[in-house]
Amino acid sequence: MTATANLPVAPLIDDVIVNWQGSTRRVPAAMFAAWVAAEVPGPNYETRSELYADLDWPEGSKGTVWGDPNEAWRGQYRKTSDAGGGSWIRFAALPQTTLTAAQLAAKMDRAGALVSDFDTVTTPGIYRGYDASGTPFPGAQVVMQHFEGTGGRAWQMFYSQLTGAGTPPRIALRYRGVDGTWAAELELKSTVNTGEFGRSAQYSADFDAISVSGDYYGLNAIGAPIANAQLMLRHLQSIGGRVWQECWMAAEADQVPRGWRRYRTSTGEWTIWIEISTAANSATAEQGRKADNAVPIAAGHPLALFMDGSGGAIYDFTDRIALGIDTTADTPDMVRDMLGGPALTVNGSAPRPVLDNGRLVLRSVEATDQLVRATPLLPETGDVVLAWSHKSESTGAKAVIWQHQTGTDGRVLITANVRRTASNSFVETNNRLQVYMQGATDGGGEDGGIAHVPHPIGHWSDFVLVLKAGTRASELWVNGYLADTFTRPATIPQVVTAFLRHSAQPGVGSCMGRVLCLYRAPAEGEIAVIRSWLREGFAGGPGGSGGAWIEPVITASAAILHSKPIPGHDAGEIWSKAGDTVLRPASMTKLLTAHVALNWLKKLDALDTLFERQLVDQSAGSGANLDVGDTLDLANALANLGLPSSNVTANVVARVVGELILASESASGDGYDRFVAEMNAEAARAGMTASTWNNPTGGDGTGGGNYTTARDMARLCVVVGETHPEITSIWANATWDLQITGPNPRTVTITHSVDFIEYGDPRVTWGKTGTTPLGGNCLLCEVKGPAGNRFYYVGFASTSDTARFADADAVFAAAEVGVEWPSLIPQRRG
């Protein structure tokens, strides 16, 4: 059944349209849910805390939270690690029928617990009380929603219906800090401030003296940005004396209103008014961020992260006001901190503002381009979150953010297109990013340092670095994936912080979007808030929400993205380029070689077969690590076949298994030839209709070479993934200690030829390269997509070894944003 774009998307369902024996049928949603539950068994709880307490489920099990008082915690969860350990990770919203939604709503209406003291509530949920302690509305019946954070932090929202028919409810918000003290409540909606902006505004003759959030107006008021004008003012009151104000002056009907913004620091000092809306800049892109009211700040804007008094900085390279420019023709002399802290000042020539997909960014175009924060961005000690969005436009190492003091433990060097080696040197490696902290241990990189991570040239990526005390308590997140955990050094040198360039490393062709630094550890859900802000406007939309599919630009002659089937469901093609073009697969052939071998060894109950190399097995090319007489068992033969792509091993396996096939058939002949014939027969059975196989190695000349298509190879990946976990589990290893027996027994360490696996990219689970003069640079691999979905990537004839991985990265990045996740059969958006 083909998907249609002509139906509206809805979060609730009554029935499901299915295909059965060639005809379309309607299935009640309850029955469909029962089928899914039967296919994917797992726990089903009302609250998340109940699910979190039940870890006695194997890895991959699916759990459900259907009625948690916190709606954001309801949904589908997937279990990590073995039974008794690991954790539950939420991956999708909870599918609901309209009946279920109504029943849950009724249950939640009944579930509001009666309390007499709102101050003492510590469990997330819905509560009610009349004239309860801590209420902002004395003498009234109040419903309260409680959100419990970490370290004693909490938020409470209060709702009270006013007396009188048709009057709006009063709504208030308050916050409890780590010291256990409740801040004064902030009333968000009342008869005073509800309704049309003009009617809700209160008169003020002194804008400097306002201390309550709300809308105001005044004529020639004290503190106004302009004299002798009727002005409208929006005031946002934070904690510790911090305040944001935006002000507007009306204009004639054919003119653009003027607008200004200013900020008051915790010491009571007002910044100057910055004009944010004039006739000159009103029609240009990105006029700067305007907070409409306190609610979005409390509900998800990154400024909310700092409302508890946490220090830090926010640098928005997409905001004209932060850059102090009117158009992209202007050159900024600094980037202001949205929190009022130290600005980034120009040292040398300034990076240039440019439009990237309609979004303003800052690009380094000359070797001297640099921005400097005179005081260190990262504190010497204590928990901290550093997050940034970045795009590298060209090859070559590029400094991104450096807080560097030569030879000092804790120095931070964040650099694109490099990786660190065991000798503590940095090697240019395009399409990667290295976060180097001298003294970091227990990580996945060289000598226990932080692993370098994918960062494909030409694509925006977002990074979140969490530094916390404790063994492997620190984390590096890349595009929403937890890429590495490590132990941070005790201190960070307190020196200037440089962006886009350092004297030791220019950053030409480097683009910055946004940077956030928070001087505390993130609470649950806050990394997602930070990611969404970092990615807003880049790669099609906010992180996690996706956008329309953007065609990846790759050098590969042909490529395909194909979903991995979920048990009981068919897989589907997501995207392809020249998917039916017949090309040479090079050593990707060895996936079929391993598949055919295991088919027959299992059929003949001969998994204990030994593979001895003979003179006739000689072959040029990769993986030449066996001598005549060397013997491998099946596991080691599969490892040598896959990781270093041993041609000799492929010939040994083909000859030995072919001889077993002939013996089982009571036939005579050449074992190698019989195996090749079986490769073609198995390809036909698997539906690889455009493929021809003449050898088990993938060599260009042997027997005339092999020919197949991206679509056929994706089909082979699906078949192997369903039938032979032995192959995929062995080919998932970055290294393997090859056990060789025979006249010269020894152990040889072999390394995977797939860079993603060798360097620990968490997205790629297993894979195989292929490289020949006529076949070019090929790659197939299984990839973890967002929200638990997995897919297969196959690429043919990239222009270089580096390009084959950059091509794959580009397709992965396009899929993360432009594919509907999670889904039984993922499909492209748009």
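Q: Which residue in S34 is the bridge partner of Glu475?
A: This is a predicted model, in which local features need pLDDT of at least 70 and side-chain atom pairs count only at pLDDT 80 or more, while totals for chains, interfaces and linings use all residues. Residues are numbered from 1 along each chain as its sequence is written, and side-chain values use heavy atoms, with hydrogens and water left out. Strands S33 and S34 (residues 481-486) are antiparallel and share 5 bridges, where a strand is a DSSP run of E at least two residues long, numbered from the N terminus, and two strands pair if DSSP finds at least two bridges between them. Within that pairing, Glu475 is matched in S34 with Thr485.

Q: Which residue in the turn between S33 and S34 has a positive phi?
A: The two strands form a hairpin with 2 residues between them. The positive phi, of about 50°, belongs to Asn479.

Q: How many of the residues of S33 are buried?
A: Strand S33 spans residues 474-478 and is mostly covered, where buried means under 20% relative accessible area, exposed over 50% and partly exposed in between (1.4 Å probe, protein chains only). Of its 5 residues, the number buried is 4.

Q: Which residue stands opposite Val478 of S33?
A: Strand S32 (residues 461-467) runs antiparallel to S33 and is joined to it by 4 bridges. These strands also form a hairpin, with 6 residues between them and a positive phi of about 120° at Gly470 in the turn. Across from Val478 stands Phe463.

Q: How many residues are in the other core, which lies apart from the largest nonpolar core?
A: A nonpolar core is a set of buried Ala, Val, Leu, Ile, Met, Phe, Trp, Tyr and Cys residues joined through side-chain atoms within 4.5 Å. The largest has 57 residues, and Leu591 and Trp731 are among those that touch the most other members. Apart from this core lies another, which includes Met437 and Phe463 and whose number of residues is 39.

Q: Why does Cys781 form no bond with Cys717?
A: A disulfide is a pair of cysteine sulfur atoms within 2.5 Å, and the structure holds 0 of them. Cys781 is buried, with a relative accessible area of 0%. Its closest cysteine sulfur is that of Cys717, and no bond forms because the distance is too far, at 8.4 Å.

Q: Which residue in S5 stands opposite Asn44?
A: An open sheet of mixed pairing has the order S4-S5-S6-S7, with S4 (44-45) and S7 (88-92) at its edges. S4 and S5 (residues 62-65) pair in the parallel sense over 2 bridges. Opposite Asn44 in S5 is Thr64.
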